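Trainee: Could you walk me through this structure, one feature at a time? I'd like to learn how to read each one.

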Amino acid sequence: MRAGLWFPFLSLVGSCWCAPPQTCHPGDEFLGICSSSSGLEEKPTCTELNLGYCNDLEYSRTIFPNILGHRTRVDAESGAEYLLLSVIHGLLNGECSPEIRLVGCSVIASPCRNDKMIKPCRSTCDALRKDCAHAFEAIEMAWPYFLDCDRFFASEEEGCFDPLRGLRARQELALASIHPVEPSTIIQFIYTSNAQMYSLLKRTAAKCSHISHVYSIGRSTEGRDLLVIEFTNNPGQHELLEPEIKLVGNMHGNEVLGRQLLIYMAQYLCSEYLLGNQRIQTLINTTRIHILASMNPDGYELAASEVEDSNDPELSNQEGHLLNGWTNGRTNAQSIDLNRNFPDLTSVFYRNRRSRHFRTDHIPIPDGYWFGKVAPETYAVMKWIRSLPFVQSASLHGGELVISYPFDFSRDLHEERKFSPTPDEQAFQRLARTYADNHATMSDNDTDRCGAFFHRSRGIINGALWYSFAGGMPDFNYLHTNCLEITVELGCDKFPAEQELYPEWKRNKEALLSFMESVHRGVKGVVKDADGNGIKGATVTVRGIRKAVTTADDGDYWRLLNAGVHILTATAKGYSRVSKRVYLPPNMNRAGRVDFVLTKVPVEPDIDDHLFPTVETWDRFDPYNQFERYNDPDAGGVEREEKPWWWNYFAQSGISPPHWLLRTV
């Protein structure tokens, strides 16, 4: 697209174009801040509006000199402002268009009545900047000076003109013809490029800034952001006793349905919250939801180009493209399968599970792992998983129609398909059932399973019983943190046709919502000392389940449990051990509150600390600084000095580029 913009752009550039005068900033002369070097005064007069990119405005007469100091139509057409408007649609990938162009035109060619200029409305400019600032940030372009809401716009009391009034009326009329009586969320069910995905997520967060924000957990091999959008009633921080959940899509770059469903879910959560949907408001007000729509944006680029090529009628080997669709783009740009790249803690678990001297939960990352090839995407997700107290998670994949759950690595090295349950087998089964049973077809045994045979398991299966592999993300979540993660295989087609996106959304929407709501079960509570202070890093165990959860910074914990009678025990180093008996009824729809108060006791030396010393501890992460370069401030400084990609559109045209479009660092 960028190359395609170059030719119409150059055709607009004339040799008469020049940069704004050095003695005045653009628009200052008209505002009386500085004077014309020629000393000549021109009487403003109304004239016919005849600017190609502005001829669809609500009026037909404008005035020169205009508010920016352009004295004639030719001056305006040769200005950087007009040239920017001519290509802004392409630069922003269609975002904020035609709004940006219409508002910009209302500044360059303001309406005129009785030889008097009518300025555009400041309120329109303010709203536009709030909605569209993210699109300029995405391409590292500064907000254009001529859209400075304070300098070139007026208030309603001054008799301003709303340049978007007609556009809004036409949009409302169009929506009325397809819109039901009750308000609902409008989602465009199309594929989105990486740039469009980033822009859409940022725009969604801006629209719902009181319940949402976006943040990056790192960058891919080729430098693309791993962008997460968060939904909660207090964005940006963990709240006491509020469970945290994550949804991850596009781990394999060619498995794209999950990526699109998560993008749609982000839009849905924002819109439905604003529309007053009580279910969505309750979910967001009581849960912290993190959505990583694409864990492998580099692989997606390759997969998307492969699918695009397969639609080319000039290509004869169509079957080859269909076959490659199962492989091309699966890995990251380093040809690493990200779902085989996590530390193999399952082997450590099997090796040590019969010894009381070794932990079988919160297993540290072996130092030897860092001598292998660790993908930057894997590294970023591991840091993310370690940094937040996630309770449960789903990773969305494609190629089958089933839910699999840990362990994914067989406990028998000689038998690749062997039932290999975790200590939380019952909890995992319920998690998997929650998604499968709320999916339109997944739990139906008559559903086509893409050729696989799951022994009439109604759409769920233990991962190792399906097929065994080491280094998977769900096993890492379970053995290194508190988090229980399932793998959602969404269907046979990894890159379905665009017309299938809406039907797939209908099949999966309720399953995704029910899965997020299911985090509110089991027990929750706070582990405190005698003074009422939360104890960080305390452990809470359940009798009969050899898997402990640890408390977050303020001492709160969540433990997913099925119905029944459970004995819970809380302990921390230097504190007493306290146990409680808990009964969870079958129909309980929210987590039970179980708090613990621990008293300090003398710390006795543990002989095991001396008999079984280890260098590998849970806190030992990236001990050899494998990824230090990603955090090097000097490297970042060099990168910031480089001009953005769109700069060449101006710099190579033989004219002085508008430096006011460069973002200051």
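**Reading the fold**

Mentor: Let's begin with one cysteine: C270 is buried, with a relative accessible area of 1%. Keep in mind that we're looking at a predicted model.

Trainee: What does a relative accessible area of 1% say about C270?

Mentor: Buried means under 20% relative accessible area, so at 1% C270 counts as buried. C208 is buried too, with a value of 0%, and C483 is another buried cysteine, also listed at 0%.

Trainee: And which cysteine does C270 pair with?

Mentor: C270 is joined to C208 by a disulfide, with 1.9 Å from S to S. The angle about that S-S bond is 85°, and the link is right-handed. Look at where the two ends sit: C208 is in the loop between helix 7 (194-207) and strand 5 (212-219), while C270 belongs to helix 8 (residues 257-274). The two cysteines are 62 residues apart, and the pair links distant parts of the chain.

Trainee: How many disulfides does the structure hold?

Mentor: There are 6 disulfides. Among them is the pair C54 and C105, whose sulfur atoms are 2.0 Å apart. That one spans 51 residues, from the loop between strand 1 (45-48) and strand 2 (61-64), where C54 sits, to C105 in helix 4 (residues 99-108). Both C54 and C105 are buried.

Trainee: Is the link of C54 and C105 left-handed or right-handed, and why?

Mentor: Check the sign of the torsion. About the S-S bond of C54 and C105 the torsion is about -70°, so this disulfide is left-handed. You can try the reading again on C125 and C149, a disulfide with 2.0 Å from S to S. Here C125 is in helix 5 (residues 122-138) and C149 is in the loop between helix 5 and helix 6 (165-178), so the pair ties together parts that are 24 residues apart in sequence. The torsion is about -80°, so the disulfide of C125 and C149 is left-handed. C125 and C149 are both buried.

Trainee: Let's move on to the interior. What's the general idea behind a nonpolar core?

Mentor: In soluble globular proteins, nonpolar side chains tend to be buried together. In this chain of 665 residues, 52% count as buried. The largest nonpolar core has 103 residues, and the members touching the most others are F231, L269, I291, W384, Y435 and I486. Helix 8 gives the most to this core, contributing 11 residues.

Trainee: Where does that core lie with respect to the domains?

Mentor: Residues come from both domain 2 (194-309 + 323-519) and domain 3 (523-613), so the core lies between them.

Trainee: Which residues does I486 contact, beyond its neighbours within four places in sequence?

Mentor: Its partners include S393, A394, S395, I403, Y405, F428, L431, Y435 and F515. There's also a second, separate core of 47 residues, which includes M141, C149, F153 and W646. You've met C149 already, in the disulfide with C125.

Trainee: Now the strands. How should I read pairing?

Mentor: Strands of a sheet pair through backbone hydrogen bonds, either parallel or antiparallel. The chain has 20 strands, along with 20 helices. For the parallel case, take strand 7 (residues 244-249) and strand 9, joined by 6 bridges. In that pairing, E244 stands opposite F390 in strand 9. Strand 9 also pairs in the parallel sense with strand 12 (residues 484-491), again over 6 bridges, and there Q392 stands opposite L484.

Trainee: Is strand 9 enclosed or left open?

Mentor: Of the 8 residues of strand 9 (residues 390-397), 8 are buried, so the strand is largely enclosed by the rest of the structure.

Trainee: And where would I find an antiparallel example?

Mentor: Look at the open sheet of 4 strands, in the order 15-14-17-18, where the pairing is antiparallel. Strand 15 (545-550) and strand 18 (578-584) stand at the edges with a single partner strand each, so one side of each has no neighbour in the sheet. On average, neighbouring strands here are turned by 25° against each other, direction ignored. Strand 14 (residues 539-542) pairs with strand 15 over 3 bridges, and T539 stands opposite T550 in strand 15.

How values were computed
Residues are numbered from 1 along each chain as its sequence is written. This is a predicted model: local features need pLDDT of at least 70, side-chain atom pairs count only at pLDDT 80 or more; totals for chains, interfaces and linings use all residues. Side-chain values use heavy atoms; hydrogens and water are left out. A disulfide is a pair of cysteine sulfur atoms within 2.5 Å. Buried means under 20% relative accessible area, exposed over 50%, partly exposed in between (1.4 Å probe, protein chains only). A nonpolar core is a set of buried Ala, Val, Leu, Ile, Met, Phe, Trp, Tyr and Cys residues joined through side-chain atoms within 4.5 Å. Domain bounds come from an automatic or database domain assignment. Contact means heavy atoms within 4.5 Å. Two strands pair if DSSP finds at least two bridges between them. Axes are lines fitted to C-alpha atoms, for helices over the stretch in contact, and angles run from 0 to 180 degrees between N-to-C directions.
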